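Let's take a friendly walk through a protein together. Have the sequence and the 3D view ready as you read.

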Amino acid sequence: MSNGTSTSDESRDQDSRVLDSQNPQSQKETSEPEGDSGDGIKSQSRDEKDQEFEVDDPLFSQQKGIFRNKEMVRVGWVPDGDRIVGRDDYISTISSSLNDAVYGGAPNHISITGKTGTGKSLVSRYVTRRAVNASVNNVRMGHTYLDCSKSSTEVQVVSTIGQQLNNENIYDENEDVVKMPDTGLPKDKFYKRLWEILDHYDSVIIILDEVDLLKTDHVLMSLAKAVESNDTSCHIGIIAISNQINYFDELNPRTKSAFQTVELNFDPYNANQIQDILRGREDAFYNGVLSDDVIPLVAAFSAQEHGDARKAMRLFRTAGELANREGSDLVEEDHVRRSQDTLVKDRFRDFLQGTPTQMKATCLSIAAKSLYSRDDYIITGELYDAYQQITHAIDMDTIGIRRFRDILDEMQLSQVIETREVNMGKGGGRHNSHRLLHDPQVILDIVMEDTRFRDISKSSLKRFA
Ligand SMILES: Nc1ncnc2c1ncn2[C@@H]1O[C@H](COP(=O)(O)OP(=O)(O)OP(=O)(O)O)[C@@H](O)[C@H]1O
Ligand SMILES: [Mg+2]
């Protein structure tokens, strides 16, 4: 197996996402399988990573133990094709949609949906890079990657694409200013400069990741109509990615009619595929440091969460980091379990941070019920009783049942609980019933971090349930 390339495409791992672009000069100089495909930004080869540097300070001494190349277990690392598992059909659909651009013609636009961690970003970036590397000699083909959670306004999108595709050949020295500033121009001037930059290319692929976070979908329409409106002669292919399944159906009708796409929906992985994905990254670790049960266990945890490869990758890396920190020579099952606990807690803490106290009280009520009642699913009325007892015990305002139901809906959307309708038989009517999707103990621990809930003892919780 050969190496892949790395960019920090993992905002949800608290790392910064970087934009990924290509200029017409450097585009043919690299070949995809051997490393950097020309991003020029934050790419790292394994050779670089394998070097050992002497550091005198014992606080930062080289840890030889666990990782041989930690980059490979970062979410943003783009592996080679032979490490991409179970995505051949999508790769082939995307590549045939982009095919004309390789010859300087017009590619099809592509819209990709699918749950988190199903390989949408990876596959899009991988195929786009290959397309640019494959582009025929006299074709000036470019590509750029945008994370719309970072560039969410129309001006940010336009200026970022322009900056990424700009280079010294396009840069206009007479203007004595960068051709594409971040701010400070009227919107139409931003567009004008973008069209000028694009005119230096025959074809450009623009990946708009997390596209549902755009403040307006107008920019999609402008980009999609650019050639037809004679704004630029460059053929633009947009790959728009979202984990909101309905996003593309709900676009503004004018945008929808301009932005006709090849639609793809990425399936979740099963536990075996996650195992294969992780085995493709085994050489991030030194030989023999992974105990046999580590990969199956990481895969099993992520299969519980719809086969999310992003979570699997994060857990794999975190378990290695924990073993490293503890000076262990091996990554073992226990490191995985403890890392999983920490990650679940972190996620839940992030979710609760900044939510109203009422949400925390609601979480507490379902955690108490899950711990102390025999039923897996708890109907709304029973939960509301427990919630009221909790709010009375700590002298907190109590919300009405309608608002309480809204909070349960929010918890369902955020995948804290699962809700289904139950029929209570003759005269009992139909009720919504809820099941906690996380370890109740974890939820109790985190809610109790809020001082307002500290006065509630575990024994009183049992009473409320
Ligand atoms: N088929 C695959 N083969 C190898 N690695 C994969 C595969 N699918 C995903 N991965 C790895 O799993 C991680 C998550 O994948 P990716 O970021 O592409 O998911 P995503 O669908 O874009 O998720 P999100 O919607 O959360 O952005 C990355 O580290 C990626 O390299
Ligand atoms: Mg993604």
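What follows covers the surroundings of a ligand, a small sheet and two residues in loops. Please keep in mind that this is a predicted model.

**Around the ligand**

Start at ligand 1, which has 22 residues around it. Those that come nearest are Thr116, Gly119, Ser121, Leu122 and Ala309. By class, the shell is made up of nine nonpolar, nine polar and four charged residues. Helix H3 (120-134) and helix H10 (309-325) each give at least two residues to this shell. Domain 1 (5-266) and domain 2 (273-351) each contribute at least three.

**A three-stranded sheet**

Next, find the open sheet whose three strands run in the order S9-S11-S10, with antiparallel pairing. Strand S9 (378-379) and strand S10 (417-423) are at the edges with a single partner strand each, so one side of each has no neighbour in the sheet. Between S10 and strand S11 (residues 430-436), the antiparallel pairing extends over seven bridges. There, Ile417 sits opposite Leu436 in S11. Helix H14 (residues 401-413) packs on the sheet and touches S10 and S11, and its direction makes about 120° with that of S10.

**Two residues with positive phi**

Which value does phi take in Glu210, and which in Asp395? The table shows both, and neither residue is a glycine.

| Residue | Phi | Loop between |
|---|---|---|
| Glu210 | near 55° | strand S6 (203-209) and helix H6 (218-225) |
| Asp395 | near 60° | helix H13 (380-393) and H14 |

Are these residues buried or exposed? Glu210 is buried, because 22 other C-beta atoms lie within 10 Å. Asp395 has 8 C-beta neighbours inside 10 Å, so Asp395 counts as exposed.

Key. Residues numbered from 1 in each chain as written. Chains lettered and ligands numbered in written order. Predicted model: local features only at pLDDT ≥ 70, side-chain atom pairs only at ≥ 80, totals over all residues. Near = placed C-beta within 6 Å. Helix = DSSP H or I, 4+ residues; strand = E, 2+ residues; numbered from the N terminus. Nonpolar A, V, L, I, M, F, W, Y, C, P; charged D, E, K, R; others polar. Domains from an automatic or database assignment. Pairing = 2+ DSSP bridges. Contact = placed C-beta atoms within 7 Å. Axes fitted to C-alpha atoms, helices over the stretch in contact; angles between N-to-C directions. Buried ≥ 20, exposed ≤ 12 C-beta atoms within 10 Å, placed from the backbone.
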